[in-house]
Amino acid sequence: MFILIVGAGRVGSSLARTMIREGHDVSCLDEDPESHARLEIGMDDSWEDSGGRFTVGTGLEVEALKAAGIEGADVFFAATDGDNTNIVIAQIAKRRFDVPTVIARVLDPYRAEWYERQGMQTICPTKVAIEMAESHIRAAIENAASRNGGGGE
């Protein structure tokens, strides 16, 4: 499986390392050449020696996407730090390059939900954090209630 990840920050680089360790072909595109160093964190070999590919450029430029291999991508993950950029490049990947699986990271939960309803596969870390916080707080309330003999308030 050939996976193209745009944005090699903490999320993109971590995902890239996991996918390459699992035997996939992974290409990362990032406008910051320094982000290449994140791809090699915890790896025994260099990113390229591990089979990875790294391209410097912006995901909004079609030529950069082509240089990163979008035309052969099976999976496209938009993981830049900008919701607008991720939404636009995900649409480019889906509509112009017909990538079979396209996923966009969208930080705004309302926008993520809206784009999901329009057919775009999104991941919303903010929503995940909210759900985790709610779960932890509910558990704390239940624990306090059981220590106090019920009630929870």
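Which residues lie nearest the centre of the largest pocket, and how many residues line that pocket? In this structure, which is a predicted model, the lining of the largest pocket is made up of 21 residues, and those that lie nearest its centre are Gly7, Asp30, Ala79, Thr80 and Asp81. The volume of this pocket comes to about 390 Å³. Two elements, helix H1 (10-21) and strand S2 (25-30), each contribute at least two residues to the lining of the largest pocket, and H1 is the element that gives the most, with three residues. When the residues of this lining are sorted by character, six turn out to be nonpolar, nine polar and six charged.

The second largest pocket holds about 210 Å³ of space. Its lining consists of 13 residues, and the closest to its centre are Gln91, Lys94, Gln118, Gly119 and Met120. Three elements, namely helix H4 (83-96), strand S5 (101-105) and helix H5 (109-117), each supply at least two residues of this lining, with H4 providing the largest share, four residues. By character, the lining of the second largest pocket divides into six nonpolar, five polar and two charged residues.

Strand S5 is a useful place from which to follow the chain further. Is S5 mostly covered or mostly open? Four of the five residues of S5 are buried, so that the strand is mostly covered. S5 pairs with strand S4 (residues 75-78) in the parallel sense, over four bridges, and within this stretch alanine 78 stands opposite alanine 104 of S5. S5 also pairs with strand S6 (residues 121-123), again in the parallel sense, here over three bridges, and isoleucine 103 stands opposite glutamine 121, which belongs to S6.

The helices that join these strands complete the picture. S4, H4 and S5 together make a β-α-β unit that is right-handed, and S5, H5 and S6 likewise make a right-handed β-α-β unit. H4 and H5, the helices of these units, are also among the elements that supply residues to the lining of the second largest pocket.

Two loop residues deserve a separate look. Glycine 119, one of the residues closest to the centre of the second largest pocket, lies in the loop between H5 and S6. Glycine 119 counts as exposed because its relative accessibility is 65%, where exposed means over 50%. From C-alpha to C-alpha, glycine 119 and valine 6 are 20 Å apart in space, and the two residues are 113 apart in sequence. The other loop residue is aspartate 98, which lies between H4 and S5. What is the phi of aspartate 98? Although aspartate 98 is not a glycine, its phi is positive, at about 55°. Most residues other than glycine have a negative phi. Aspartate 98 has a relative accessible area of 61% and is therefore exposed.

Charged side chains offer a last path through the model. Side chains of opposite charge can pair when their charged atoms come close. How many salt bridges does a search of the whole structure find? The search finds two salt bridges. In one of them, glutamate 63 is joined to lysine 66, with the closest N and O atoms 4.0 Å apart. Both of these residues lie in helix H3 (residues 62-67), where they are three residues apart, about one turn of the helix. Glutamate 63 counts as exposed because its relative accessibility is 59%, whereas lysine 66, at 30% relative accessibility, counts as partly exposed.

The other salt bridge is formed by the side chains of glutamate 113 and arginine 117, which meet at 3.2 Å, N to O. Because these two residues are four residues apart in helix H5, about one helical turn separates glutamate 113 from arginine 117. Glutamate 113 has a relative accessible area of 44% and is partly exposed, while arginine 117, with a relative accessible area of 55%, is exposed. Helix H5, which carries this pair, is the same helix that joins S5 and S6 in a right-handed β-α-β unit.

Key:
Residues numbered from 1 in each chain as written. Predicted model: local features only at pLDDT ≥ 70, side-chain atom pairs only at ≥ 80, totals over all residues. Heavy atoms only, no water. 1 Å grid on protein atoms, 1.4 Å probe; cavity = no way out; pocket = protein on both sides within 12 Å on 5 of 7 lines; lining within 4 Å. Points joined across faces, edges and corners; volume = space filled by probe spheres on them. Nonpolar A, V, L, I, M, F, W, Y, C, P; charged D, E, K, R; others polar. Buried < 20%, exposed > 50% of the residue type's maximum accessible area, 1.4 Å probe, protein only. Pairing = 2+ DSSP bridges. Right-handed = clockwise from strand over helix to strand, strands pointing away.
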